[in-house]
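User: I'd like to learn how to read a protein model with DNA in it. Could you walk me through one, feature by feature?

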Amino acid sequence: MKFNSLIDMGLVQESGQTSQAPWGLINNIYSDIIFVKNTPILVNVFQEDINSLSMNYEFQLKDNSVNASIDDISENDIKKEVSRIFDLDFDLDKFYRYLSNDSKLKPSAKFCRGLRLFLAKDYFESFVSSIASANNSIIRWTKSISKIRQKWGNEIQFPSGTFYTFPSPEILKSVYEDDLGEYEGCGRTIEIECCIKNLKSCGVGYRAPYMKKTSEIFTIETDIQEIPTMKYEEAFETVLDLPGVGPKVADCILLYGFGFREAFPSDVWIKRIISYLYFPGKDISVDKVREFGMEKFGAYAGYVQLYLFHHARKSGLMKKLK
DNA sequence: GTTCAGGTGAGCC
DNA sequence: GGCTCACCTGAA
């Protein structure tokens, strides 16, 4: 089945949006489990040919599935969810016309043609993933998320193979934090050097307690459920209250997770890029850069951030700015 | 072996 | 309120 919207799937997957790690990649097909009406569905997405920049998808229900037949879930439900995750209704042509009006933004459109938001398939996953991304590299972050899924996610068999879901808040809030916790927790029945099923063993470092606490809050907090209906400012304050969530991570959760396109996630790289383009020779604080981006780009702030960041990454501007 | 990059939170003023 | 520094890991 096919979507006709312009999209570069490889670019979306590798763009480091913290709502989720890149989907599994085999033979140019990206695969992951999404949930439609609480039923796990394996989705494969791929480009028919590299030049077309349109996207195909197919799906599978799990093996031995008794209660989940395609009768309960319409193909249209699945299509709508895939379309939502890749933000396919966003009008890229209109956005490119907007970019072409600013000579500083214009080059990024060509470099990142077909780049779209990679929205959360699961809100909890986007919170934990974003917290794990703070002060981290994309490579290390991706490895950590993959380990978390393999250690605590549900293993589900599909016709084309075994996949792991992202673990639930109930599971993640009670996992061991580090080697010592695991050693003590299992009654010292194993050597401490052999402890491998704790959060720090996934390489998340000091973020482990933040991730556990946020998982616990997720099992009780009700405010979080209201975020999709909130205005941006209120949503920002709500998300900021969580441990391990500062302004940067909050904006990542709101933009990549929930699709608040007025968010302008600002880290040192965006600060360097914005300073280089709009305030040459000056040192603008990250906080000021965030204000500047939201004020100047308005409803397009999130997409502009996405495009500037990846243009800088791909064009070698980042190395130059460092 | 050492140094460094990368956001957040705690402790301090 | 603002400022400084520790936090963990892996790459250089």
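Analyst: We'll go through the sheet, the DNA strands and then two single residues. Keep in mind that this is a predicted model.

User: Okay, the sheet. In what order do the strands sit?

Analyst: Strand numbers follow the chain from the N terminus, so the order in the sheet has to be read separately. Here five strands make an open sheet in the order β1-β5-β4-β3-β2, with antiparallel pairing. Its edge strands are β1 (2–3) and β2 (24–26), each of which pairs on one side only.

User: How many bridges join β4 to β5?

Analyst: Seven bridges link β4 (residues 39–47) and β5 (residues 55–61), and the two run antiparallel. To get your bearings on screen, find Phe 46, which stands opposite Asn 56 in β5.

User: Which helix lies across β1, β3, β4 and β5?

Analyst: For packing like this, look at which strands the helix touches and at the angle. Helix α2 (residues 75–85) lies across β1, β3 (29–36), β4 and β5, and runs at about 130° to β5.

User: On to the DNA. What surrounds strand B?

Analyst: Start with the residues close by, then ask which part of the DNA they meet. DNA strand B has 18 residues around it, and the closest are Asn 135, Gly 244, Gly 246, Asp 267 and Trp 269. By class, they come to ten nonpolar, three polar and five charged. Helices α11 (247–257) and α12 (268–278) each supply at least two residues of that surface.

User: How much of the nearby part of strand B is sugar or phosphate?

Analyst: Among the atoms of DNA strand B within 4 Å of the protein, 58% are sugar or phosphate, and the rest belong to bases. Then zoom in on single atom pairs. A backbone N or O atom of Val 249 sits 2.9 Å from a phosphate oxygen of strand B, and a polar backbone atom of Lys 248 is 3.3 Å from a phosphate oxygen of that strand. Asp 267 uses its side chain: an N or O atom there is 3.2 Å from a phosphate oxygen of strand B.

User: And which residues are around DNA strand C?

Analyst: Take the same steps again. Around DNA strand C you'll find Arg 140, Lys 143, Lys 200, Gly 203, Gly 205 and Tyr 206. That surface has one nonpolar, two polar and three charged residues. Of the strand C atoms within 4 Å of the protein, 78% belong to sugar or phosphate and the rest to bases.

User: Which residue has a side-chain atom by a base oxygen of strand C?

Analyst: That's Arg 140: an N or O atom in its side chain is 2.4 Å from a base oxygen of strand C. The side chain of Lys 200 has an N or O atom 3.3 Å from a phosphate oxygen of this strand. With Tyr 206, a backbone N or O atom lies 3.3 Å from a sugar or linking oxygen of strand C.

User: Last one, single residues. Is His 311 buried or exposed?

Analyst: Check the relative accessible area, then the neighbours. His 311 is in helix α14 (residues 301–315). His 311 counts as buried because its relative accessible area is 16%, below the 20% cut-off. Leaving aside residues up to four places away in sequence, His 311 touches Pro 107, Ser 108, Phe 111 and Cys 112.

User: What about Asp 77 in helix α2?

Analyst: Asp 77 is partly exposed, at 22%. Beyond residues up to four places away in sequence, Asp 77 touches Val 36 and Lys 37. Asp 77 and Lys 37 are 40 residues apart in sequence, yet their C-alpha atoms are 8.8 Å apart.

Note on methods. Residues are numbered from 1 along each chain as its sequence is written. Chains are lettered from A and ligands numbered from 1 in the order in which they are written. This is a predicted model: local features need pLDDT of at least 70, side-chain atom pairs count only at pLDDT 80 or more; totals for chains, interfaces and linings use all residues. Side-chain values use heavy atoms; hydrogens and water are left out. Two strands pair if DSSP finds at least two bridges between them. Helices (H or I, at least four residues) and strands (E, at least two) are DSSP runs, numbered from the N terminus. Contact means heavy atoms within 4.5 Å. Axes are lines fitted to C-alpha atoms, for helices over the stretch in contact, and angles run from 0 to 180 degrees between N-to-C directions. A residue is near a molecule or strand if one of its heavy atoms lies within 4 Å of it. A polar contact is a pair of N or O atoms within 3.5 Å; within protein, one must be able to donate a hydrogen and the other to accept it, and residues adjacent in sequence count only if both atoms are side-chain atoms. Ala, Val, Leu, Ile, Met, Phe, Trp, Tyr, Cys and Pro count as nonpolar, Asp, Glu, Lys and Arg as charged, and the others, Gly among them, as polar. Buried means under 20% relative accessible area, exposed over 50%, partly exposed in between (1.4 Å probe, protein chains only).
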